[in-house]
Amino acid sequence: METGTPYLDVAIIGGGAAGLATAIFTTRAAPGLRVGILDGAKKLGAKILVSGGGRCNVTNVCVTTGDYWGGSRNTMKKVLGALSVETSVAWFKELGVALHEEENGKLFPDSNSARTVLDALVREATGRGVRILTEHRVADIRTAAPASFEIETNAGIYSAMHVVLATGGLSLTKTGSDGSGYALARKLGHSLTPTTPGLAPLLLDGAFHTPLSGLTQDVELTLRVEGDSPERLRGSMLWTHHGISGPVAMNASRVWHRARLEKKPVTVTASFFPELDFEGLEKRLLDLATKHPKGQLVTALASLLPARQAQSILATLGIRGVTPMSQFSREDRRRLVNALLAWPMPVRDSRGYAYAEVTAGGVPLNEIDPTTMESRVCPGLFLVGEILDVDGRIGGFNFQWAWSGGFVAGRALAARGADAGI
């Protein structure tokens, strides 16, 4: 194509996980294609580097559509099924990144460094001829002709036969995510499911949580949204000065935010004994009373929970901790059991996009073809990663969505190149 404007067969807007994966899979299948990544940052991969506490939870040993929220389950299944976890693990091994399994099926690089993952992706992309154009912030994309685009950046204008939006969402704003991809998608004909933070720490009203800061425990959070079935989430929770964090709280943030977005009343309670029902927990307290009839209630409860939490719970309920177990009334015992299994968590907000690991909402899945990731409303435009209305729970699921979507798009783009004789 002869033009005074720099030309790319495939212009990928955004050089995060999904963008790099798309570039790699495209050039692997079609080495002759001119593929470029345009990214506004000075260096690629800021979000990869901070993920997983700087270790990058690459994927999970078991990935199903049940690990995600958002749009069409059928679309998710097709995309995720195109690149399995096993194939993803083998792909990373080819890139020189061996993975190991940790709790809850999380897969991390053996180096325990996210830098290893980013360097391998960038090395593979550049080694296959991908042009990485940093400090190229895209301001506008115009359709110049059927299946052809003009891309306006701060560093000049580019033309491309195909464009891939891999701009991410609004999460972890310090990494450069600003939601600009949504405006580009809408300009090109797409709609937008309203966005909220996802995987964000939660803020609590009151002061109950303050003395518990730093404590970690396994809990089950139950979110009751008016008109919906209760959502029950189990996992590790960290008490903080602000409220609660840890995997289960961050997973819950998505549900809480969507309820508020839809103006539905939502309540959150925590069971501090998720493995027990009422009868089971009451029996445990009765057994303690039998074994230690003269022991104080606070001491007995502290054998089941962290001591400062036991003290705070009893103080909040107005139950005297010095009460001997033999004198602990049936009424107060049952009131305590009910509280321990459904402790009110007065969520007032989350810490927002600045601390959210993912964005919920985005371009609806019914507006893309799941066999190609191509837009159904703008031919030649492809969308991958977080810009779509898909968000996974903590555990490597959002990265797997990025790898799988990049694979589907890359395979389709390579086929387009072959059709064009490139």
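**Salt bridges**

I began by looking up the salt bridges, and the structure holds 23 of them. I keep in mind that this is a predicted model.

The pair I turned to next is Arg 34 and Asp 9, whose side chains meet in a salt bridge at 3.4 Å, N to O. I noted where each partner sits: Arg 34 is in the loop between helix 1 (17-29) and strand 2 (35-38), while Asp 9 belongs to strand 1 (residues 7-13). The two are 25 residues apart, so I wrote this pair down as a link between distant parts of the chain. Is Asp 9 buried or exposed? I found that Asp 9 is buried, with a relative accessible area of 3%. Arg 34 counts as partly exposed, because its relative accessibility is 42%.

Next I looked at Asp 140 and Arg 142, where the side chains meet in a salt bridge at 2.9 Å, N to O. Asp 140 counts as buried at 13% relative accessibility, since the cut-off for buried is under 20%. Arg 142, at 25% relative accessibility, counts as partly exposed.

My third pair was Lys 283 with Asp 287, a salt bridge whose closest N and O atoms are 3.0 Å apart. How far apart are Lys 283 and Asp 287 in helix 8? They are four residues apart in that helix (residues 278-291), so about one helical turn separates them. Asp 287 is partly exposed, with a relative accessible area of 32%.

I also wrote down a network: salt bridges that share partners join Asp 140, Arg 142, Glu 150, Glu 152 and Lys 187.

**A three-stranded sheet**

I then followed an open sheet of three strands, and read its order as 3-6-5 with antiparallel pairing. Which strands are at the edges? They are strand 3 (59-60) and strand 5 (99-101), and each of them pairs on one side only. Strand 3 pairs with strand 6 (residues 106-109) in the antiparallel sense, over two bridges. To have a residue to point at, I looked up Asn 60, and its bridge partner in strand 6 is Lys 106.

**Cysteines**

How many disulfides does a search of the whole structure find? My entry reads zero. I checked Cys 62 as an example: the closest cysteine sulfur belongs to Cys 56 and lies 19 Å from the sulfur of Cys 62, which is too far for a bond. A disulfide would need the two sulfur atoms within 2.5 Å. Cys 62 counts as partly exposed at 46% relative accessibility. Cys 378, by contrast, is buried, with a relative accessible area of 5%.

**Two helices**

Two packed helices are described by the angle between their axes and the distance between the axes. I looked up both values for helix 10 (residues 307-317) and helix 11 (residues 330-341): the axes come within 11 Å and cross at roughly 120°. Helix 10 and helix 11 are therefore oblique to each other. I added the handedness too, and the crossing of helix 10 and helix 11 is right-handed.

**The whole chain**

Last, I stepped back to the protein as a whole. I recorded twelve helices and 23 strands for its secondary structure. Its C-alpha trace spans about 90 × 45 × 35 Å along the principal axes. Of its 422 residues, 54% count as buried.

Notes: Residues numbered from 1 in each chain as written. Predicted model: local features only at pLDDT ≥ 70, side-chain atom pairs only at ≥ 80, totals over all residues. Heavy atoms only, no water. Salt bridge = Lys/Arg side-chain N within 4 Å of Asp/Glu carboxyl O. Buried < 20%, exposed > 50% of the residue type's maximum accessible area, 1.4 Å probe, protein only. Pairing = 2+ DSSP bridges. Axes fitted to C-alpha atoms, helices over the stretch in contact; angles between N-to-C directions. Parallel < 35°, antiparallel > 145°, perpendicular 65-115°, else oblique. Left-handed = near helix turned anticlockwise from the far one by under 90°.
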